[in-house]
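Biologist: I am new to this structure. Please take me through a close look at one part of it, and then show me what surrounds that part.

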Amino acid sequence: MKNQKNSTLVLILLLHLGLYGQYSGNLICRQGKVSFFSYTAVENIEATNNQVVSIVDENSGEIAVQMLMRAFVFKKALMEEHFNESYVESDTYPKLTFSGKINDFDGVWETTAPKFVDGIMDFHGVQKTIALKISIENENNNLVLSGDFNVSIDDFDIKVPPLLVPNISKEIQVMFRFEYVPYEE
């Protein structure tokens, strides 16, 4: 039910932003990068997902992100298996979505000052309002949004078996980078 709700939310946002209509002014990133890092004295865990989709309405500053949890790649296959089966339960919660808006967006994308995005992250069956600090750059005439933030596994109801608690950090560092191009139908 939650997954269907997430898909519906993203579809509504896509329609709102005009990706299926004649509206222009949308930017899309089809291969955004999201990675995470968990540091503990026992082991470090890191993974990267290079198949993240994001869209931005360059007129309003609205942004949407969607990624499949099974697209994360780990250095060790066993870590990937535990991640998908035991922690994020990718079969039950296959996607993470985020929808939000850049605060104080003035339609000017070229800025050296960091901006903030407020939005709702839907992950592991939990919806949480979050604020992200982002950097906006112009690289080769493409808009690039990047940043990092920490996520508490408790906030998203991630259960860690008692035996593995020393292996998993309670705060996971998440890094992202999206390079957008104009959306063309």
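Modeller: Start at the side chain of Asp57. One of its polar atoms lies 3.2 Å from the backbone nitrogen of Ser60. This is a predicted model. Asp57 belongs to strand β2, which covers residues 44-57. Asp57 is buried, yet it has no salt bridge. The nearest side chain of opposite charge is that of Lys101, 8.7 Å away. A salt bridge needs a nitrogen of Lys or Arg within 4 Å of a carboxyl oxygen. Side chains of opposite charge can pair when their charged atoms come close.

Now look at the nonpolar core. The largest one holds 44 residues. Within this core, Phe36, Phe72, Leu145 and Tyr180 touch the most other members. Strand β9, residues 171-182, supplies the largest share of the core, namely five residues.

Take Leu145 as a way in. Leaving aside residues up to four places away in sequence, its contacts include Val56, Ile63 and Trp109. Leu145 also touches Ile134, Ser135 and Ile136. Phe176, Arg177, Phe178 and Tyr180 are on the list of its contacts too.

Follow Arg177 from there. Its side chain meets that of Glu139 in a salt bridge, with N and O 2.7 Å apart. This pair links distant parts of the chain: Arg177 sits in strand β9 and Glu139 in strand β7, 38 residues apart. Arg177 is partly exposed, at 33% relative accessible area. Glu139 is partly exposed as well, at 27%.

Arg177 has another salt-bridge partner, Glu179. In that pair the closest N and O atoms are 3.5 Å apart. Glu179 is partly exposed, with a relative accessible area of 32%. Through shared partners, Glu139, Arg177 and Glu179 join into one network of salt bridges.

The count of salt bridges comes to seven. Another of them pairs Lys170 with Asp154, with 3.4 Å between the closest N and O atoms. Both residues lie in the loop between β8 (142-152) and β9, so this pair ties together parts that are 16 residues apart in sequence. Lys170 is partly exposed, at 47% relative accessible area. Asp154 also counts as partly exposed, at 48%.

Go back to strand β7, the home of Glu139. Strand β7 covers residues 126-139 and runs antiparallel to β6, with nine bridges joining the two. Along this pairing, Phe116 stands opposite Lys133 in β7. The two strands form a hairpin, with two residues between them. His124 is in the turn, and its phi is positive, at about 55°.

Then step across β6, residues 115-123. Strand β6 also pairs with β5, residues 95-102, in the antiparallel sense. Six bridges make up that pairing. In one of the matches, Thr97 has Asp122 in β6 as its bridge partner. In a regular strand the side chains alternate between the two faces of the sheet.

Finally, return to the starting point. Asp57 is buried without a salt bridge, but a polar atom of its side chain lies 3.2 Å from the backbone nitrogen of Ser60. By contrast, Arg177 is partly exposed, and Arg177 shares a salt-bridge network with Glu139 and Glu179.

Definitions and conventions: Residues numbered from 1 in each chain as written. Predicted model: local features only at pLDDT ≥ 70, side-chain atom pairs only at ≥ 80, totals over all residues. Heavy atoms only, no water. Pairing = 2+ DSSP bridges. Helix = DSSP H or I, 4+ residues; strand = E, 2+ residues; numbered from the N terminus. Core = buried A, V, L, I, M, F, W, Y, C linked by side-chain atoms within 4.5 Å. Buried < 20%, exposed > 50% of the residue type's maximum accessible area, 1.4 Å probe, protein only. Contact = heavy atoms within 4.5 Å. Lys, Arg positive; Asp, Glu negative; His and termini not counted. Polar contact = N/O pair within 3.5 Å; in protein donor to acceptor, adjacent residues only side chain to side chain.
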